[in-house]
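Me: I am in my first year and would like a close look at one part of this protein, the place where two helices meet. Could you take me through that contact slowly and then show me what lies around it?

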Amino acid sequence: MRLILTIVISCLFLSQAKAETSAVVWQAHCRDRHPVIYVEKGECKGPGAAVINEVIARLGHKVNWSNVPWARTIKVAETGQVDLIPVHSMTPERKDFLDPMLLGYDKRYVYYFALANRLLEVKHFDELKPHIIGALRGAFYCPQFNDNQNQLKVSFVNDNGQLINMLKAGRIDLAITSEQHEMQFFANDPQLKQMEYVDISKNGRYFSIPLKSPRHQYAKQVHQIVDDMRTSGEITRLFESYGVEPPLNLTESPLATH
């Protein structure tokens, strides 16, 4: 009898261990968009990461975070080499390969900076056209800028340090930025000045599952969990628990500007 009981208990432990080791693991790329999401001591932190961790946990799955530059993340997402990409905006191009989960909306303020000692002023969008504008490669700023790049002279780089150095070297005339793109580096530099023209738009905030990811088979379930968390105010409360302003809790609208 004792032998049978031992065998039964052993089988239960083996079954539990097998279930734990066979849990579905999602490969996710973290971003540096402090305080919403950021890497700290090798871990992905902030409410943007916490929402994703909670959603995936409710599926009974796990998330494996990696710290990867955004330009690479958005590139490999096209072929499904990552399962989750966090807190981002949507564009028509991205809809071709991403399935977005709406977290809410924010009001996006987009700014332009130039060297303080240059006699250069920009008060309207059209006044940008004669100038070379530096921007982050693969970044979404606002519809006015991203949808009209064929009218502008844009030079793309990988990080804001490069943009600031290019401004100071005279290789570009202006740099575009926002609070979501580390505007503080420009605002705190005494050699730079902000232009009068500021673009203001409503901007959807999402995390996405690439359409070609093998985990996209769970997308319908993820959509339902995220929708429930957003409409119940759970996402709002989670952001507030981190002391971070939450995205506006609005229903998706065909008139929304992404």
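Reply: In helix 2, the residues Pro47, Gly48, Ala50, Val51 and Arg58 meet Glu234, Ile235, Leu238 and Phe239 of helix 8, where contact means heavy atoms within 4.5 Å, and where helices (H or I, at least four residues) and strands (E, at least two) are DSSP runs numbered from the N terminus. The residues of this contact divide into 6 nonpolar, 1 polar and 2 charged; in this count Ala, Val, Leu, Ile, Met, Phe, Trp, Tyr, Cys and Pro are nonpolar, Asp, Glu, Lys and Arg are charged, and the others, Gly among them, are polar.

This is a predicted model, in which local features need pLDDT of at least 70 and side-chain atom pairs count only at pLDDT 80 or more, while totals for chains, interfaces and linings use all residues. Residues are numbered from 1 along each chain as its sequence is written, and side-chain values use heavy atoms, with hydrogens and water left out.

Helix 2 covers residues 47-58 and helix 8 covers residues 234-241, and their axes come within 9 Å and cross at roughly 135°; the axes are lines fitted to C-alpha atoms, for helices over the stretch in contact, and the angles run from 0 to 180 degrees between N-to-C directions. That angle makes helix 2 oblique to helix 8, because angles under 35 degrees count as roughly parallel, over 145 as roughly antiparallel, 65 to 115 as roughly perpendicular and the rest as oblique. The crossing of helix 2 past helix 8 is right-handed, a word used when the near helix is turned clockwise from the far one by less than a right angle, with left-handed kept for an anticlockwise turn.

Alanine 49 also lies in helix 2, and with a relative accessible area of 1% alanine 49 is buried, since buried means under 20% relative accessible area, exposed over 50% and partly exposed in between (1.4 Å probe, protein chains only). Leaving aside residues up to four places away in sequence, alanine 49 touches Val36, Ile37, Cys44 and Trp65. The C-alpha atom of alanine 49 is separated by 9.9 Å from that of valine 63, which is 14 residues apart from alanine 49 along the chain.

Before helix 2 in the sequence come two backbone features. The peptide bond from histidine 34 to proline 35 is cis, with omega near 10°, and proline 35 sits in the loop between strand 1 (25-30) and strand 2 (38-40). Lysine 41, in the loop between strand 2 and strand 3 (43-45), has a phi near 50°, a positive value in a residue other than glycine. Most residues other than glycine have a negative phi, and most peptide bonds are trans. At 83% relative accessibility, lysine 41 counts as exposed, whereas alanine 49 is buried.

For the wider setting, the protein chain comes to 8 helices and 11 strands, and 48% of its 258 residues count as buried. Of the contacts in the chain with a separation of 6 or more, 72% are accounted for by residues 24 or more positions apart.
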